[in-house]
Amino acid sequence: MALRFYNTLTQELEEFQPQDGKTVRMYTCGPTVYSYVHIGNFRTFSFQDILRRTLKARGFTLDHVMNITDVEDKIIRNAMAAGQTIQEYTAQYTQAFKDDSATLRLQAPERLAFATEHIPEMVNAIERLAAGHHTYANEGSTYFRISTFPEYGKLSHTNFSGNIAGARVEVDEYDKADARDFVLWKAQKPGEPAWQTSLGEGRPGWHIECSVMAMKYLGETIDIHTGGVDLVFPHHENEIAQSEAITGKRFVRYWLHAEHLMVEGQKMSKSLGNFYTLRDIIEKGYSPESIRYLLVSAHYRKQLNFTFDGLKGAAASLERLRNFELRLKNDRLAEGVNPEMEARTAAASAAFNKGLDDDLNTSDALAAIYEYVRDANTALDAGQFLAGNTAGAHALLAEFDAIFDVLKPTIQSGALTDAEIDAQVAERNKAKKAKDFKRADAIRNELLERGVVLEDTKDGVRWKRK
RNA sequence: GGCGCGGUAGCCAAGUGGUAAGGCAGAGGUCUGCAAAACCUUUAUUCACCGGUUCGACUCCGGUCCGCGCCUCCA
């Protein structure tokens, strides 16, 4: 089956093919770096990572740009309160975002694009919009006039035709002609950082950065654009209006949106205060891999309720896969190849990929892996799984882990090295042989305290990191 | 009110017009010097509710109830 994605624009599953058949030009909405990113945000970023990896696995080359919004109201407010420049203030959270992303094994996009490094391009874009009569100025700010873009609402499938200017929505502190108009350039307010430009002294509105940076690096029509569902309106709708008003061309071919991570039945958000950062959860003793597993185990277009019980379940599920991998390495198997098992492996691989191809149905893909693991374990117990079958099994796990990337444990700093652990295991084996079980148990307990679990199997001792 | 999504076992979660994947937890068993481990087996006569279409619906259609999101900054 061909790779298919649900396109928010058409509300249909569509077969995916990049414009040039080879390179996927993808833009993903990244964080606003005014504080630590929470794991609700990371659900979306994790989804983007699964998307990236799946595209790569299908042989496409990626050109992926993610923006970092490093100038915005909350940043300015917090930086001023901290007595820092916005550059100083955002640098720490940008770094934290990069660190956290690495912890969650999110592949870095080909390019991170910072809003503050694209001010001239944004000004230029706004001037082009002005030349096309899509803007108006008021008290030093510049606005996009939505009435000049008849297709406005096509992404969020909202009809604004009956809307009377200012009648339904309170106009905010900036004066707009129509409540749906949005600001492109904000006039400087006292004390705020600003850029001196042909539009006057001020700073860019939020939406324009994505249009400008996406088109600068990826071209006027890009293949994929993603973000959380809360960005569909107004952010992405506005991006379309700006971009298409400038170029007259379709801005994005496939729009993909990730559903929210929920907590106790409500959206995880900073304003509700019901959020956890990655650091919060890791401090409670959960591994990055189990968090990653939890975030990507449900389909991205379904709301996912975050609970610690769920996280424990994710960790346990993951253990099952790791144990199988360990078993492949440790069990002593008879020589030969069981062709039935080889066929089973191929079927599992096909089912796994079929799941991913179906709009990144990770639940379905995972099920294929678990069914295989159960069958393979049964075959191992029955002696039907032969030495020649391990290569295929490892290849399947590698195929799985190229997307999910959860099998290898994160090794904490200060942890024992493999060699140190092996030495202790050998020591314990000696004690066991001498029937010195007290000593053997003591070593096992010491290792356990240092995060290493020993398991005795009929084919010898195996160990794993907790 | 408008737009969108969803209601499947104790919990999480796929799926299909032809009789319910998978994971966690629970129960039983196997292995083991012991074992907290590991592995196997098992767990929904039923898919929110009510009508309709059909040989047959959880899956299609209509309606009802409930939950969530967006409509303002937001992943």
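Domain bounds here come from an automatic or database domain assignment. In this predicted model, that assignment divides chain A into domain 1 (4-258), domain 2 (278-404) and domain 3 (418-465).

## Domains

The C-alpha centres of domain 1 and domain 2 lie 36 Å apart. Their contact takes 28 residues from domain 1 and 29 residues from domain 2.

## Surroundings of RNA strand B

How many residues surround RNA strand B? There are 54 of them, and Trp206, Gly228, Lys267, Ser317 and Asp381 come nearest. On the RNA side, sugar and phosphate account for 70% of the atoms of strand B that come within 4 Å of the protein.

Sorted by class, the protein surface near RNA strand B consists of 11 nonpolar, 23 polar and 20 charged residues. Helix H11 (residues 362-381) supplies the largest share of this surface, namely nine residues.

Three side chains illustrate how individual atoms of the protein and of RNA strand B are placed. The table lists the part of the RNA involved and the distance for each.

| Residue | Part of RNA strand B | Distance |
|---|---|---|
| Arg180 | sugar or linking oxygen | 3.0 Å |
| Asn377 | phosphate oxygen | 3.4 Å |
| Asp441 | base nitrogen | 2.9 Å |

For Arg180, the atom concerned is a polar side-chain atom, and the same description applies to the atom of Asn377. In Asp441, an N or O atom of the side chain is involved.

## Packing of helices

Helix H12 (residues 390-404) packs against helix H1 (residues 39-57). Their axes are 8 Å apart, and the angle between them is about 135 degrees. Why are H1 and H12 described as oblique? Angles under 35 degrees count as roughly parallel, over 145 as roughly antiparallel and 65 to 115 as roughly perpendicular, while the rest count as oblique. An angle of about 135 degrees therefore makes H1 and H12 oblique to each other.

On the H1 side of this contact are Ile50, Arg53, Thr54 and Ala57, which meet Asp401, Ala402, Ile403 and Phe404 of H12. By class, the contact of H1 with H12 has five nonpolar residues, one polar residue and two charged residues.

Helix H10 (residues 339-357) also packs with H12: the two axes come within 9 Å and cross at roughly 10 degrees. H10 and H12 are therefore roughly parallel to each other. From H10, the contact involves Thr345, Ala348, Ser349, Phe352, Asn353 and Leu356. From H12, the participants are Gly392, Ala393, Leu396, Glu399, Phe400, Ile403 and Phe404. This contact of H10 with H12 comprises eight nonpolar residues, four polar residues and one charged residue.

## Arg253 and its contacts

Arg253 belongs to strand E12 (residues 252-258). What does the side chain of Arg253 reach at 2.9 Å? The partner is the backbone oxygen of Gln17. Apart from neighbours within four places in sequence, Arg253 is in contact with Asn7, Gln17, Pro18, Gln19, Thr221, Ile222 and Asp223.

## Backbone features

Most residues other than glycine have a negative phi, and most peptide bonds are trans. Two places in the model depart from these patterns: the peptide bond from Phe233 to Pro234 is cis, with omega near 0 degrees, and His133 has a positive phi, near 60 degrees, although His133 is not a glycine. Pro234 lies in helix H6 (residues 232-247). His133, by contrast, is placed in the loop between helix H4 (119-131) and strand E6 (135-138).

Definitions and conventions:
Residues are numbered from 1 along each chain as its sequence is written. Chains are lettered from A and ligands numbered from 1 in the order in which they are written. This is a predicted model: local features need pLDDT of at least 70, side-chain atom pairs count only at pLDDT 80 or more; totals for chains, interfaces and linings use all residues. Side-chain values use heavy atoms; hydrogens and water are left out. A residue is near a molecule or strand if one of its heavy atoms lies within 4 Å of it. A polar contact is a pair of N or O atoms within 3.5 Å; within protein, one must be able to donate a hydrogen and the other to accept it, and residues adjacent in sequence count only if both atoms are side-chain atoms. Helices (H or I, at least four residues) and strands (E, at least two) are DSSP runs, numbered from the N terminus. Ala, Val, Leu, Ile, Met, Phe, Trp, Tyr, Cys and Pro count as nonpolar, Asp, Glu, Lys and Arg as charged, and the others, Gly among them, as polar. Axes are lines fitted to C-alpha atoms, for helices over the stretch in contact, and angles run from 0 to 180 degrees between N-to-C directions. Contact means heavy atoms within 4.5 Å.
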